[in-house]
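Biologist: I would like a close look at one part of this chain and then a connected account of what surrounds it in the model. Please take your time over the details.

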Amino acid sequence: MKNHPMVCDLETGVCGVAGEEELGIIDFNQPKKSIEVYYVTDPICSHCWALEPVLRRFIEQYGHYFNFHTIMGGLLEKWGDGPVDPANGISGPADVVGHWREVGENYRMPIDGTVMMNNPVQSSYPPSRVFKVIQKNQHDAIAFEYLRRAREALFVFNQNIADTSVMIDIVNRLGLDGAAIVNESEQTNGQPLLNEDFDLARNLGVRGFPTIIMMNEDNKGLKIVGGRPFVNYVEGLKQVLNLEELQPKQQPSLLSLLKKEKLLFSKEIEVMYDLEKSEVISYVKKELSSEQYEMKEILGECYITTK
């Protein structure tokens, strides 16, 4: 309250900031979540990895307007004899490396990609099945964190996230029983749950990843295909809600965001707080004490982790 002229008004009976309204209606109700948002994705989708900074901010600031659903799309069942993605010249795992690196450099979410030459992912179905089992047995938020950790492991740290031991380790680090969940995903529940997602994605008319579909109570909505700037998703939500203005929540503090996410790349901090790349390091030092984070660098991009 400092730096504001303080008054005690004998007529109104108010001690406080000058100009405070005497009477006013305040609405503390959260808006009804009348919108369903479907995010159709895949653990090995590089453009989905690139979308994470924008998607995180969209959920953080506008998630009170919608119910969010993550749907597995089934990008790669297995490598076959013919081209998997002829448009990008991809017929085998090694062909992915150049495409991934191009995506990483363009969006500045780092991607190494050499795992696809040395120990390639043969199918995106195993980590997708694990995601579905966690989602069913635990909570959407934990499943979403699993997806994030799997992508970090794959794109940045060159781990084969379809390997059983890698999946178990990632799930264990979430505080869950990795062996039990991975076993369940392989033996019983995993594929039927995954097939339900495939059916839903098909019914939604999704043919590429990432796809965001926003649907209102009249089952009318908007489809956004591919990674788009933050403003596109906000404008899309306005359109589906038929509102000229939305009331975003304040961005979380960097400390609370880091505690939640455990690892943040420069691009993610830039997008969340409207910063230029050159401002990130000074912003981090201003918001966090040296005991609260470690700053590292990989593939030319800096990132911070919790200590």
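In which loop is Pro210 found?

Modeller: This is a predicted model, and in it Pro210 is found in the loop that runs between helix 8 (190–203) and strand 5 (211–215). The peptide bond that joins Phe209 to Pro210 is cis, with an omega of about -5°.

Two other loops hold a residue with a backbone feature of another kind. Lys262, in the loop between helix 10 (254–261) and strand 7 (263–265), has a positive phi of about 75° although it is not a glycine. With a relative accessible area of 36%, Lys262 is partly exposed. Leu299, in the loop between strand 8 (294–298) and strand 9 (301–305), is likewise not a glycine and has a positive phi, here of about 55°. Leu299 is also partly exposed, its relative accessible area being 45%.

Helix 8, which precedes the loop of Pro210, leads on to the aromatic residues. A pair of aromatic rings is described by the distance of the centres and the angle of the planes. The count of such pairs comes to 13. One of them is formed by Trp49 and Phe155, which are stacked, with 5.8 Å from centre to centre and 25° between the planes. Because Trp49 lies in helix 1 and Phe155 in helix 5, this pair ties together parts of the chain that are 106 residues apart in sequence. Trp49 counts as buried, at 0% relative accessibility, and Phe155 is buried as well, with a relative accessible area of 0%. The rings of Tyr125 and Phe198 have centres 5.3 Å apart and planes at 50°, so this pair is tilted, since that angle falls neither under 30 degrees nor over 60. Here too distant parts of the chain are linked, with Tyr125 in helix 4 and Phe198 in helix 8, 73 residues apart. Both Tyr125 and Phe198 are buried. Beyond these two pairs, one aromatic cluster is formed by Tyr39, Phe58, Tyr62, Phe66, Phe68, Phe144, Phe230 and Tyr233.

Several of the helices named so far come together again around the largest pocket, which holds about 660 Å³ of space. Its lining is made by 24 residues, and those closest to the centre of the pocket are Ile59, Ala141, Phe144, Lys260 and Glu261. Phe144 therefore appears in two settings, as a member of the aromatic cluster and as one of the lining residues closest to the pocket centre. The elements that give two or more residues to the lining are helix 1 (46–62), strand 4 (66–72), helix 4 (125–137), helix 5 (140–156) and helix 10. Helix 5 gives the most, with nine residues. Divided by class, the lining has nine nonpolar, four polar and 11 charged residues.

A last point concerns a lysine within a helix. Lys238 has its place in helix 9, which covers residues 230–241. At 15% relative accessibility Lys238 counts as buried, because the limit for that class is under 20%. If its neighbours within four places in sequence are left aside, Lys238 is in contact with Leu243, Glu244, Glu245 and Leu246.

Key. Residues are numbered from 1 along each chain as its sequence is written. This is a predicted model: local features need pLDDT of at least 70, side-chain atom pairs count only at pLDDT 80 or more; totals for chains, interfaces and linings use all residues. Side-chain values use heavy atoms; hydrogens and water are left out. Helices (H or I, at least four residues) and strands (E, at least two) are DSSP runs, numbered from the N terminus. Buried means under 20% relative accessible area, exposed over 50%, partly exposed in between (1.4 Å probe, protein chains only). On a 1 Å grid over the protein atoms alone, a cavity is a set of points where a 1.4 Å probe fits but cannot get out, and a pocket is an open set with protein on both sides within 12 Å along at least five of seven lines; lining residues have an atom within 4 Å of a point. Grid points are joined across faces, edges and corners, and a volume is the space filled by probe spheres set on the points. Ala, Val, Leu, Ile, Met, Phe, Trp, Tyr, Cys and Pro count as nonpolar, Asp, Glu, Lys and Arg as charged, and the others, Gly among them, as polar. Contact means heavy atoms within 4.5 Å. Rings of Phe, Tyr and Trp (its six-membered ring) pair if their centres lie within 6.5 Å; planes under 30 degrees apart count as stacked, over 60 as edge-to-face and the rest as tilted.
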